[in-house]
Amino acid sequence: MRSCKMPSGAMMPVLGLGTWRMGESPRRRAEELDALKHGLDLGYPMIDTAEMYGDGGAEEIVGEALAGRAVRPFIVSKVYPHNASRAGTIAACERSLKRMRIDRIDLYLLHWRGGARIEETFEAFRRLRTAGKIGDFGVSNFDLGDMEDAARLDQGLNASNQVLYCLSRRGPEYDLLPWMRERSIPLMAYSPLDQGGLLRTAALKKFADEIGCTPAQLAIAWLLAQPGVVTIPKSSSRDRVKENLGALEVTLSPQILAGLDRAFPPPRGKQPLEML
Ligand SMILES: NC(=O)c1ccc[n+]([C@@H]2O[C@H](COP(=O)([O-])OP(=O)(O)OC[C@H]3O[C@@H](n4cnc5c(N)ncnc54)[C@H](OP(=O)(O)O)[C@@H]3O)[C@@H](O)[C@H]2O)c1
């Protein structure tokens with residue numbers, strides 16, 4: 001699978017499995033675990049999770065899905081802002097590693113800005129990096145001004161910014177994405193299906209029918225066609241996990257891209273970063 005180079009030189013796959021809402025209900029646990037295991041068997045090379053998801057429950061399911069595998073996917077997790085002090089970040093990372101039963105998180109993100117001062121969080125990230133407990137570190141839900149603040153403090157190591165970006169929410173294209181591209185910082189697009197809402201739009205369905213793919217595959221393929229963008233659709237269904245991986249096979253012609261631009265226009269001015 002294609003990957004994106006992070007400022008450290010390490011590579012991040014362009015497509016992974018999201019896990020928000022997993023680990024919240026014992027009733028749905030078996031289905032969620034099955035979907036993750038199936039995704040890994042199919043070759044998804046990345047999983048995105050967070051200490052927040054299911055109060056650690058999602059990381060536990062990730063740990064179970066990883067158990068006994070010879071090849072480990074690229075793991076992304078996130079620290080809560082209220083845990084992101086110098087000592088708190090290190091303790092939160094240790095807990096995440098324990099829940100996932102691994103010794104290294106490949107990319108560790110600050111979930112959103114707030115709580116501790118970013119310089120404290122970054123200092124903890126650098127310590128974790130030196131100790132080999134994380135590979136790279138980055139942020140999430142940072143708008144352009146936040147990224148500029150971070151750039152003054154991150155010593156050029158900020159590896160990614162995970163933000164809400166999909167066909168129906170194209171705000172980051174105006175200024176954030178170009179700024180990140182100039183610095184070769186991959187943008188990790190969350191909620192690529194707009195949590196399912198995008199799939200109900202007639203325009204997306206029309207173009208998907210024209211190409212011969214599903215609306216979800218088209219929404220994901222459109223993100224993957226944007227340079228410097230990676231994405232992490234979530235599904236607890238093994239069939240939809242497989243369907244979403246099929247996005248890698250979808251090629252978008254200039255005509256389809258132009259049609260999508262008409263149906264889902266790019267931003268004409270600055271829009272404050274949306275957050276879910
Ligand atoms: N950093 C942040 O603040 C932040 C915020 C939000 C999300 N995220 C990350 O990004 C990941 C993805 O975002 P998301 O979970 O919000 O939304 P999403 O991936 O856009 O959409 C997930 C929803 O779409 C459904 N779905 C998935 N594939 C489908 C398909 N092929 N056909 C029809 N429905 C489909 C899922 O239902 P089923 O599960 O029933 O298939 C689920 O309800 C999250 O899981 C999380 O890892 C990060």
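Strands β5 (residues 105-110) and β6 run parallel and are joined by 5 bridges. The model is predicted. Within this pairing, Ile105 has Ile134 of β6 as its bridge partner. The connection between the two strands passes through helix α4 (residues 118-130), and β5, α4 and β6 make a right-handed β-α-β unit.

**Strand β6 and its second partner**

β6 also pairs with strand β7 (residues 158-164). These two strands run parallel, with 3 bridges between them. One residue pair here is Phe137 with Asn158, the latter in β7. Helix α5 (residues 144-151) joins β6 and β7 in a right-handed β-α-β unit.

The table sets the two pairings of β6 next to each other.

| Strand pair | Bridges | Direction |
|---|---|---|
| β5 (residues 105-110) and β6 | 5 bridges | parallel |
| β6 and β7 (residues 158-164) | 3 bridges | parallel |

Is β6 enclosed or open to its surroundings? All counts point one way: 7 of the 7 residues of β6 (residues 134-140) are buried, so the strand is largely enclosed by the rest of the structure.

**The nonpolar core and helix α8**

The largest nonpolar core has 79 residues. Cys93, Tyr108, Cys166, Leu187, Ala189, Leu218 and Ala219 touch the most other members. Which helix supplies the largest share of this core? Helix α8 (residues 215-224) does, with 8 residues. In soluble globular proteins, nonpolar side chains tend to be buried together.

Burial in α8 is complete: 10 of the 10 residues are buried, so the helix is largely enclosed by the rest of the structure. Among them are Pro215, Gln217, Ile220 and Trp222. What do the buried residues of α8 pack against? Their partners are β8 (187-190), α7 (202-211), β9 (229-231), α9 and α10 (254-263).

Leu218 gives a residue-level view. Beyond its neighbours within four places in sequence, Leu218 is in contact with Leu204, Phe207, Ala208, Ile211, Cys213 and Val250.

**The ligand shell**

There are 27 residues around the ligand. Gly18, Trp20, Leu193, Ala216 and Lys234 come nearest. One of these, Ala216, is also a buried residue of α8. By class, the shell holds 9 nonpolar, 13 polar and 5 charged residues. Which element gives the most to this shell? Helix α9 (residues 238-245) does, with 3 residues. The same helix, α9, is among the elements that the buried residues of α8 pack against.

How values were computed. Residues are numbered from 1 along each chain as its sequence is written. This is a predicted model: local features need pLDDT of at least 70, side-chain atom pairs count only at pLDDT 80 or more; totals for chains, interfaces and linings use all residues. A residue is near a molecule or strand if its C-beta atom, placed from the backbone, lies within 6 Å of it. Helices (H or I, at least four residues) and strands (E, at least two) are DSSP runs, numbered from the N terminus. Ala, Val, Leu, Ile, Met, Phe, Trp, Tyr, Cys and Pro count as nonpolar, Asp, Glu, Lys and Arg as charged, and the others, Gly among them, as polar. A residue is buried if 20 or more other C-beta atoms lie within 10 Å of its own, exposed if 12 or fewer, and partly exposed in between; C-beta atoms are placed from the backbone. Two strands pair if DSSP finds at least two bridges between them. A crossover is right-handed if, with the strands pointing away from the viewer, the path from the first strand over the helix to the second runs clockwise. A nonpolar core is a set of buried Ala, Val, Leu, Ile, Met, Phe, Trp, Tyr and Cys residues joined through C-beta atoms within 7 Å. Two residues are in contact if their C-beta atoms, placed from the backbone, lie within 7 Å.
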